[in-house]
Amino acid sequence: MCGIVGKVSTKPCVEFLINGLKRLEYRGYDSAGIAVIQNNEITRIRSLGKVANLEAEVAAFDLEKASVGIAHTRWATHGEPSVENAHPHKSGNIAIVHNGIIENYLELRKELEKEGYNFESTTDTEVAVHFIHHALKTSKSPVEALLKASRTFHGAYAIAMIDSQIADKMYVIRSGSPLVIGVGENENYISSDSLSLGHLTEEFIYLEEGDVAEITLNTITVYNNEGDLVKREIQHENLQVDHADKGDFDHYMLKEIYEQPHVVQTTIERLMPQGSTLAQAVSRQHAAIFSKTKRVQIVACGSSYHVGLVAAEWFEQIAGIATKVDIASEYRYRRQMVDNDTLFLTISQSGETADTLAALRKAQTLGYVATMAVCNVAHSSLVRESDVSFLTAAGAEVSVASTKAFTTQMVTLLQLVLALAMHRGAPELKGVDTELLFADLSEHIELALKTAEQIKNIAGDFKDKNHALFLGRGELFPIAMEGALKLKEISYIHAEAYPAGELKHGPLALVDENMPVITMINHDELLMEKLISNLNEVITRGGKLYAIIDEALAPKFNLPAKKIIVPAIKHEHLAPLTYNIPLQLLSYYVALEKGENIDQPRNLAKSVTVE
Ligand code: F6R
């Protein structure tokens with residue numbers, strides 16, 4: 001979604017703001033802008049498109065004396081991408097940047113129009129800035145005006161404000177959208193994502209819901225939504241990430257795909273440090289939760305939802321635990337019938353996805369055994385608000401299309417399922433050596449990456465296609481869904497996923513020579529046999545078949561298909577982890593053939609912090 005950075009310093013702030021926006025650009029890239037205070041006046045510069053456009057415009061200004069400023073990169077929600085709609089928005093002496101959505105903005109806009117405010121944009125943010133400006137007239141301090149705003153605004157928001165008449169301070173407010181303060185030496189920073197400040201500081205203050213903060217060079221004063229002065233602890237974190245460096249890769253997506261063997265190993269070792277067992281990883285708190293758990297409810301969005309579907313198969317097949325999976329935006333508005341022996345589990349890369357957070361907050365009122373999160377960001381709202389969490393070790397994922405985060409989520413969930421199965425003494429686990437299962441997983445993923453050459457050879461077949469069909473069965477069906485999502489996201493080819501057995505119940509009507517069909521061949525003998533008869537139906541209709549198949553099975557598969565051969569796996573339950581790799585490569589190389597903007601696909605942004 002959108003990105004916010006800001007700084008209070010004695011040194012010029014413009015370079016920091018532009019670099020900060022570049023680090024956040026993957027979160028939104030429709031338009032960008034900065035507002036700085038110089039000589040007790042606000043200078044605002046905004047431009048359409050990439051941060052590079054803004055940088056070029058800013059270069060024409062002399063802003064050497066500006067040491068306090070805020071900046072924003074936008075992913076349009078209210079109002080099309082345009083300069084007028086770009087942030088910062090101004091009202092009198094003040095300027096604000098804003099992430100999130102103020103849901104009651106139309107009603108507030110009408111009231112403000114009656115008060116004589118004129119609007120230049122169609123955004124909710126311009127309503128917010130005029131509201132705060134109006135509130136300042138009757139408030140003793142900016143903090144009081146911001147508290148009035150937070151009591152009036154509905155929705156989720158993080159707002160940063162500067163006032164040209166209070167030239168040494170910056171104010172922030174957050175509710176529902178992330179905002180972090182970075183503690184510097186004789187300067188302080190703000191950002192919607194701590195990773196963008198990791199090169200400047202290792203000290204962060206994570207604001208809580210409804211907090212307002214006043215920030216100067218050397219002080220950070222925080223008030224809760226009642227207006228009481230509160231202490232928020234400084235968290236120490238080393239978040240150094242070299243965002244600027246794609247290494248030898250042309251795109252972050254490819255770099256992140258190739259990081260998978262390493263981050264899979266790091267994720268395995270996060271729970272099972274070398275030489276230790278999964279049983280040792282289970283804390284007393286986990287054990288107490290596991291003892292009460294008879295069912296699991298998983299909630300997530302997008303790729304994380306697909307991981308949830310794979311995990312549900314594992315929970316049922318390996319641990320014998322009935323599991324439901326729901327899309328967070330559906331779960332939060334549906335009546336839930338909760339059995340009091342159910343564990344509530346969220347999965348999220350960012351830990352800031354608005355729908356997943358809302359689902360968690362709803363779940364907290366429904367009597368689950370506990371709330372548990374699988375997440376990639378240690379200090380995210382999801383982790384902070386869940387009873388327990390398991391962290392993946394994917395590192396920063398910059399490409400909008402998730403790859404390494406997806407794979408590491410599956411690794412962590414497999415560990416969690418196995419730990420729970422062991423705790424229950426699940427008979428399904430008999431004969432499975434849990435430690436051995438992970439022993440050479442990262443090498444298998446490395447080998448799966450070698451399919452890149454085969455994938456490059458077939459990517460051209462997809463270039464001019466408008467549709468594609470992905471088929472899988474069992475735990476490979478969610479992998480087919482993820483493959484279809486990836487192709488849609490970055491290649492803009494319409495793709496659907498089906499469990500192969502469903503084909504003849506409708507989608508077979510679509511199959512002809514223009515419909516490539518990508519299928520994953522299961523390890524399970526029975527499923528493979530059934531799948532082959534489903535695939536014969538495709539071939540009979542002239543469909544072009546591409547089969548992802550394990551090298552041990554390949555000789556037994558004689559259908560006329562282009563085969564993409566992945567390494568033989570040790571256990572059928574590991575198949576989602578290796579079969580997923582060629583599908584990531586397929587979407588990448590098809591998008592490359594088409595010349596698309598792979599890391600920043602149209603209409604999308606990383607981390608969906610609005611509903
Ligand atoms: C797809 C993708 C999205 C996210 C979804 C949830 O490549 O990245 O579908 O998976 O927006 O995000 P998180 O996992 O941050 O909650």
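User: Let's start with the ligand. Which two domains does the ligand lie between in this predicted model?

Analyst: Happy to help, and do keep in mind that this model is predicted. Look at which parts of the protein give residues to the shell around the ligand: residues 245–439 do, and so do residues 450–611. Because both domains contribute to that shell, the ligand lies between domain 2 (245–439) and domain 3 (450–611).

User: Which elements give two or more residues to the shell around the ligand, and what kind of pocket is the ligand in?

Analyst: The ligand sits in the largest pocket. Two elements give two or more residues to the shell around the ligand. They are helix H10 (302–319) and helix H18 (477–491).

User: How do the residues of the shell divide into nonpolar, polar and charged?

Analyst: The shell has 15 residues around the ligand, with Ser304 and Gln349 among those that come nearest. Sorted by type, the shell residues divide into 5 nonpolar, 8 polar and 2 charged.

User: How far is a polar side-chain atom of Ser304 from an oxygen atom of the ligand?

Analyst: A polar contact needs a pair of N or O atoms within 3.5 Å. Ser348 offers a polar side-chain atom 2.6 Å from a ligand oxygen atom, and Ser402 places a backbone N or O atom 2.9 Å from a ligand oxygen atom. For the polar side-chain atom of Ser304, the distance to an oxygen atom of the ligand is 2.6 Å.

User: How much of the ligand's accessible area does the protein cover?

Analyst: Start from the ligand on its own, which has 410 Å² of accessible area. The share of this area that the protein covers is 87%.

User: Now the backbone. Which residue does a cis peptide bond join to His87?

Analyst: Most peptide bonds are trans. Here, omega is about -5° for the cis bond that follows His87. The partner residue is in the loop between strand E4 (68–74) and strand E5 (89–91). That partner is Pro88.

User: Where is Asn39, and what is its phi?

Analyst: Asn39 is in the loop between strand E2 (31–38) and strand E3 (41–48). Most residues other than glycine have a negative phi. Asn39 has a positive value, with phi near 50°.

Terms used: Residues numbered from 1 in each chain as written. Predicted model: local features only at pLDDT ≥ 70, side-chain atom pairs only at ≥ 80, totals over all residues. Heavy atoms only, no water. Near = heavy atom within 4 Å. Polar contact = N/O pair within 3.5 Å; in protein donor to acceptor, adjacent residues only side chain to side chain. Areas by Shrake-Rupley, 256 points an atom, 1.4 Å probe, with all protein chains shown as cover. 1 Å grid on protein atoms, 1.4 Å probe; cavity = no way out; pocket = protein on both sides within 12 Å on 5 of 7 lines; lining within 4 Å. Sits in = over half its atoms within 2 Å of the grid points. Helix = DSSP H or I, 4+ residues; strand = E, 2+ residues; numbered from the N terminus. Nonpolar A, V, L, I, M, F, W, Y, C, P; charged D, E, K, R; others polar. Domains from an automatic or database assignment.
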